Amino acid sequence: NTLITLVLVLFCLNSSVGWSLDYKDLVQRDSLFYKKFTDVPFTGEVTGEEIGSLKNGKKEGFFLKYYKNGQLWSKGNFKNNKKDGSWIVYFNNGQIFSKGKYKKGRPEGYWIMYNEDGTIVDAMTGMWKNGYRISD
């Protein structure tokens with residue numbers, strides 16, 4: 001009885017590990033992500049330089065991305081493999097580069113962009129619609 005329980009616990013632990021994969025073990029083809037050496041779009045959690053979830057090869061939900069030095073690069077949401085909702089992007093020194101919202105993969109609403117010293121980049125800050133800056 002104890003042996004059966006142990007085997008079941010180990011099986012469950014091993015199965016859950018199978019749903020998580022290091023981002024570097026994925027390849028992207030035709031905008032979908034696949035586990036290397038497979039033809040089935042990946043579904044599960046990814047870790048490593050990008051952390052989040054994929055469903056049928058598409059990014060879905062909250063994602064974090066990191067620079068090689070370990071510093072946070074960006075954080076935001078994906079919907080059907082497109083950026084959607086609030087996003088913040090950082091310089092590799094940790095300072096904020098930009099923040100705003102995306103709608104179906106395009107900047108939408110008020111965006112603010114910064115230089116590395118923290119000053120605002122006026123030419124890129126303002127209201128955006130369908131991926132285009134429309135006003136200050």
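**Salt bridges, aromatic pairs and burial in the predicted model**

D136 is exposed, with a relative accessibility of 72%. In this predicted model, the side chain of D136 meets that of R133 in a salt bridge, with N and O 2.4 Å apart. R133 is partly exposed, at a relative accessible area of 31%. Both residues recur in the surroundings of T125: leaving aside neighbours within four places in sequence, the contacts of T125 include R133 and D136.

T125 itself lies in a loop, the one that joins β11 (106-113) to β12 (126-129). Is T125 buried or exposed? The relative accessible area of T125 is 8%, under the 20% cut-off, so the residue counts as buried. Its remaining contacts outside the local sequence are Y110, W111, I112, M113, I120 and S135. Of these, Y110, W111, I112 and M113 fall within the range of β11, residues 106-113.

Confidence in the prediction varies along the sequence. The average pLDDT of the protein is 89, and 86% of the residues reach at least 70. Residues 6-18 have a pLDDT below 50, and this stretch makes 0 contacts in the model beyond near neighbours in sequence. Where pLDDT is low, the predicted coordinates should not be read in detail.

The protein contains 1 helix and 13 strands. The helix leads the order from the N terminus, and the strands follow. Of the 136 residues, 29% are buried. The accessible surface amounts to about 9,200 Å². Carbon and sulfur atoms contribute 57% of that surface. Among contacts with a sequence separation of 6 or more, 14% join residues 24 or more positions apart.

Spatial and sequence distance can be set side by side for K68 and N92. These residues are 24 positions apart in sequence, with their C-alpha atoms 9.1 Å apart. K68 is placed in the loop between β7 (61-66) and β8 (72-79). The relative accessible area of K68 is 82%, so the residue counts as exposed.

Aromatic side chains come next. The count of aromatic pairs is 7. In one of them, the ring centres of F78 and W87 are 5.4 Å apart and the planes stand at 90°, which makes the pair edge-to-face. Both partners are buried: F78 has a relative accessible area of 11%, and W87 has one of 4%. The pair of Y102 and W111 is also edge-to-face, because its planes stand at 80° and its ring centres are 5.1 Å apart. Y102 and W111 are both buried. The four residues of these two pairs belong to one aromatic cluster, together with F63. W111 thus links two parts of this description: it is a member of the cluster, and it is in contact with T125.

Charged groups also sit over aromatic rings. W87, a member of the cluster, has the charged end of K83 over its ring, 4.8 Å from the centre. R29 lies over the face of Y34, at a distance of 4.0 Å from the ring centre.

Side chains of opposite charge can pair when their charged atoms come close. How many salt bridges does the structure hold? The total is 6. One of them joins E50 to K59, with the closest N and O atoms 2.8 Å apart. Both ends of this bridge are buried. E50 has a relative accessibility of 5%, and K59 has one of 9%. E50 and K59 are linked with K65 in a network of salt bridges.

A further bridge is formed by the side chains of K129 and E108, at 3.7 Å from N to O. K129 belongs to strand β12 and E108 to strand β11, so this pair ties together parts 21 residues apart in sequence. K129 is partly exposed, with a relative accessible area of 44%. The loop that holds T125 runs between these two strands, β11 and β12.

Methods
Residues are numbered from 1 along each chain as its sequence is written. Side-chain values use heavy atoms; hydrogens and water are left out. pLDDT is the predictor's confidence in each residue, from 0 to 100. Contact means heavy atoms within 4.5 Å. Helices (H or I, at least four residues) and strands (E, at least two) are DSSP runs, numbered from the N terminus. Buried means under 20% relative accessible area, exposed over 50%, partly exposed in between (1.4 Å probe, protein chains only). Rings of Phe, Tyr and Trp (its six-membered ring) pair if their centres lie within 6.5 Å; planes under 30 degrees apart count as stacked, over 60 as edge-to-face and the rest as tilted. A charge sits over a ring if NZ of Lys or CZ of Arg is within 6 Å of the ring centre and within 35 degrees of the ring normal. Accessible areas come from the Shrake-Rupley method with a 1.4 Å probe; for residues, only the protein chains shown count as cover. A salt bridge is a side-chain nitrogen of Lys or Arg within 4 Å of a carboxyl oxygen of Asp or Glu.
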